[in-house]
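Good morning, colleagues. Please turn to the sequence and the structure on the screen, and I shall take you through the sheet.

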Amino acid sequence: MRDLIKKVLRENRHISPDAPHWVKTFHDLPTEGRIAQIEKNKKDTERILPRIIEFFKDKFGDDLLKLKVEEQGAHYGNENYSTKKIKLLFYFPESHSNLTKREIFNDLKSFFNIDLRYYGTPLEIEVYRMKWESL
């Protein structure tokens with residue numbers, strides 16, 4: 001019964017036409033294939049991570065106070081598999097625009113072909129605005 005439910009849910013999944021190629025084939029793979037694809041995506045992201053960091057430091061310049069790279073645990077329930085994701089933390093001054101997160105999201109998609117919307121993407125972002133407070 002459990003396999004039947006998974007099969008029905010997988011068949012009813014809608015994938016947008018502009019999705020990357022790996023997303024279209026990902027859901028048809030067996031569990032081991034999906035795990036291998038997740039790890040491949042992670043290695044590809046780690047390989048281009050220095051270019052991503054350099055790009056955002058150049059783009060935001062002095063407006064970017066700090067850019068930290070961390071690892072965060074991630075569990076993929078469909079595969080019953082746990083691994084680590086790369087997490088980029090952006091720190092901006094209080095006066096910086098609220099549209100920054102959307103801008104980073106779009107730049108990752110446009111320049112690096114990393115779309116954070118898809119299951120199996122090994123990258124996450126967090127954006128912070130620093131606020132000065134009198135003590």
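How many bridges join strand 2 to strand 3, and do these strands run parallel or antiparallel? Seven bridges join them, and the two strands run parallel. I should say at once that this is a predicted model.

The sheet as a whole is open, with three strands in the order 1-2-3 and mixed pairing. Strand 1, residues 66–76, and strand 3, residues 123–129, each have a single partner strand and stand at the edges, so one side of each is left without a neighbour in the sheet. On average, neighbouring strands are turned by 25° against each other, direction ignored.

Let us consider the other pairing. Strand 1 and strand 2, the latter residues 81–92, run antiparallel and are joined by 11 bridges. Within this pair, Gln72 stands opposite Lys85, and Tyr76 stands opposite Tyr81. The hairpin of these strands has four residues between them, and there Asn80 takes a positive phi near 55°. Returning to the parallel pair, Phe92 has Arg129 in strand 3 as its bridge partner.

Next, the helices that pack on the sheet. Helix 3, residues 31–60, touches strand 1, strand 2 and strand 3, and its direction makes about 10° with that of strand 2. Helix 4, residues 100–112, also packs on the sheet, touching strand 2 and strand 3; the direction of helix 4 makes about 150° with that of strand 3.

Finally, is strand 2 mostly covered or mostly uncovered? Strand 2 is mostly covered, with 10 of its 12 residues buried.

Notes. Residues are numbered from 1 along each chain as its sequence is written. This is a predicted model: local features need pLDDT of at least 70, side-chain atom pairs count only at pLDDT 80 or more; totals for chains, interfaces and linings use all residues. Side-chain values use heavy atoms; hydrogens and water are left out. Two strands pair if DSSP finds at least two bridges between them. Axes are lines fitted to C-alpha atoms, for helices over the stretch in contact, and angles run from 0 to 180 degrees between N-to-C directions. Contact means heavy atoms within 4.5 Å. Buried means under 20% relative accessible area, exposed over 50%, partly exposed in between (1.4 Å probe, protein chains only).
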